[in-house]
Amino acid sequence: MACALALSAGCSGGGGGTGDEPSGKESRSSGAASTPSAAPAKGSVKVVKILTTGLKTPWGLAPLPGGDLLVSSRDTGKILRIDADSGKKTEVGSVPGVEPGGEGGLMGLAVPPDGAQAGKMVYAYFTSASDNRIVRMVYDDKKEPGDQLGAPDTILKGIPKSEIHNGGRIAFGPDKMLYAGTGDSGDGDLAQDKKSLGGKILRMTPEGEPAGHGNPEPDSVVYSWGHRNVQGLDWDRENRLWASEFGQDTWDELNLIEPGKNYGWPDAEGKSDDKRFRNPVEQWHTDVASPSGLAVAKGSVWMAGLRGERLWRIPLKGAEPAAAPQAFLKGKYGRLRTVVADHGTGGGDGLWLVTSETDGRGSPEKGDDRILRLKVR
């Protein structure tokens, strides 16, 4: 794969698709609160470093205090620590109970951002024999490599599983609650069933209990519903929650998430005139997106595309797009799975980007899969 270091942008394209992410490649400032400042209409991306190579089915990525990274392997169930300077890989351990299959396996990772557990506890979302679930494990990097994880403590179980649409992203919000994006497991009706954990965004305490105040129903972890397959979650500087979502045949979505709102699936895909549903802020044809990870940096949402093999930038003005989306890295590194803000690079102008060529739907080449360090504006 070519490793061009500076790339200019293009806008969204059209086309259709038959699923989330079929195989194949194309190629390889400030303002008043009432008047939010807009991100520049045009941005840029520079690949400043290929941090590490040779990863197998990487999925989740979680920065540790100090800057190093934890990355999960979907199909092996292992978690690796990546040195943020040298790229050296150290096996942390394997998560017991992971049963990979199709799109399922060991997926999202999260590390408590502060407090006594910062860097000492790892949360993981994975597919088991019976369901998708979220566990937490004590992490002790003073122990021998491969034996640094404690026994998993299951904090939430019963998320529907399937060969497809398992969701999998978890993240701690500014409110210190844990959020999870789930999928409908191929059964769209679950997304509209508030008693099901499938096709939802969930909000819970670090112990896995309903977050109470702020949730639509105090005794439920369900935060929003009507989702097909959510795999990207992040917050902007005003603490608004953004989520990326796989469409089916026509439209992938970027959504601004509000508690208690219905995002339409399976009755609506993309923008709809049905007033019962929240419309996406932006939408893309599935062949240019199939979005997984999402991060907010430099006033823009950055969205990783699997089938689209590109990184999308959506500049924001408050809760609205400031300009048309831009596409970067088109076909340069293949399928893109996860993107995370790198707050340690250049005063917060960086991103970590994880490729996904070894997941069974790519065309892996020597060095795949990789973690890239990006400088963006």
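Q: In what order do the 4 strands of the open sheet that includes strand 3 and strand 6 run, and what is the sense of their pairing?
A: In this predicted model, the sheet is an open one built from 4 strands. The pairing in it is antiparallel, and the order is 3-4-5-6.

Q: Why is one side of strand 3 and of strand 6 left without a neighbour in the sheet?
A: Neighbouring strands of this sheet are turned by 25 degrees against each other on average, direction ignored. Strand 3 (58-63) and strand 6 (89-94) each have a single partner strand, so one side of each lacks a neighbour in the sheet. The reason is their place in the sheet: both stand at the edges.

Q: Which residue of strand 6 is the bridge partner of I82?
A: Strand 5 covers residues 78-82 and pairs with strand 6 in the antiparallel sense over 5 bridges. I82 has its bridge partner in strand 6, and that partner is K89.

Q: Is T57, in the loop between strand 2 and strand 3, buried or exposed?
A: T57 sits in the loop between strand 2 (45-52) and strand 3. Its phi is positive, about 40 degrees, although T57 is not a glycine. Most residues other than glycine have a negative phi. The relative accessible area of T57 is 3%, and because the cut-off is under 20%, T57 is buried.

Q: Which residues have the most contacts inside the largest nonpolar core?
A: The largest nonpolar core has 20 residues. Strand 7 (106-110), strand 8 (121-127), strand 10 (153-159), strand 11 (169-172), strand 12 (178-181), strand 13 (200-204) and strand 14 (222-225) each give two or more residues to this core. In soluble globular proteins, nonpolar side chains tend to be buried together. Inside this core, the residues with the most contacts are Y123, I134, L156, I170, L178, L202 and M204.

Q: Which residues does I170 touch, not counting residues up to four places away in sequence?
A: I170 is among the residues with the most contacts inside the largest nonpolar core. Leaving out residues up to four places away in sequence, I170 touches G108, L109, A110, Y123, A124, Y125, I134, L178, Y179 and A180.

Q: Which residue of strand 8 stands opposite A110?
A: Strand 7 is mostly covered, with 5 of its 5 residues buried. Strand 7 pairs with strand 8 in the antiparallel sense over 3 bridges. Opposite A110, in strand 8, stands Y123.

Q: How far apart in space are Q117 and V138, C-alpha to C-alpha?
A: Q117 lies in the loop between strand 7 and strand 8 and is partly exposed, with a relative accessible area of 28%. Leaving aside neighbours within four places in sequence, Q117 is in contact with P112, Y123 and R136. V138 is 21 residues from Q117 in sequence, and the C-alpha to C-alpha separation in space is 8.8 Å.

Q: Which strands stand at the edges of the open sheet with the order 11-12-13-14?
A: This sheet has 4 strands with antiparallel pairing. Its neighbouring strands are turned by 15 degrees against each other on average, direction ignored. Two strands have a single partner strand each, so one side of each is left without a neighbour in the sheet: strand 11 and strand 14.

Q: Which residue of strand 14 is the bridge partner of K200?
A: Strand 13 and strand 14 pair over 3 bridges in the antiparallel sense. The bridge partner of K200 in strand 14 is W225.

Q: Which side chains are joined to that of D359 by a polar contact?
A: D359 is placed in the loop between strand 25 (350-355) and strand 26 (371-376). At 10% relative accessibility, D359 counts as buried. One polar contact of D359 has a length of 2.6 Å and goes to R335; another, of 3.3 Å, goes to R337.

Q: What is omega for the cis peptide bond between D368 and D369?
A: D369 is found in the loop between strand 25 and strand 26. Most peptide bonds are trans. The bond that joins D368 and D369 is cis, and omega is about -5 degrees.

Q: How many helices and strands are there in the protein?
A: Of the 377 residues of the protein, 57% count as buried. The protein exposes about 14500 Å², and carbon and sulfur atoms supply 47% of it. The count is 0 helices and 26 strands.

Technical notes
Residues are numbered from 1 along each chain as its sequence is written. This is a predicted model: local features need pLDDT of at least 70, side-chain atom pairs count only at pLDDT 80 or more; totals for chains, interfaces and linings use all residues. Side-chain values use heavy atoms; hydrogens and water are left out. A nonpolar core is a set of buried Ala, Val, Leu, Ile, Met, Phe, Trp, Tyr and Cys residues joined through side-chain atoms within 4.5 Å. Buried means under 20% relative accessible area, exposed over 50%, partly exposed in between (1.4 Å probe, protein chains only). Contact means heavy atoms within 4.5 Å. Two strands pair if DSSP finds at least two bridges between them. Axes are lines fitted to C-alpha atoms, for helices over the stretch in contact, and angles run from 0 to 180 degrees between N-to-C directions. Accessible areas come from the Shrake-Rupley method with a 1.4 Å probe; for residues, only the protein chains shown count as cover. A polar contact is a pair of N or O atoms within 3.5 Å; within protein, one must be able to donate a hydrogen and the other to accept it, and residues adjacent in sequence count only if both atoms are side-chain atoms.
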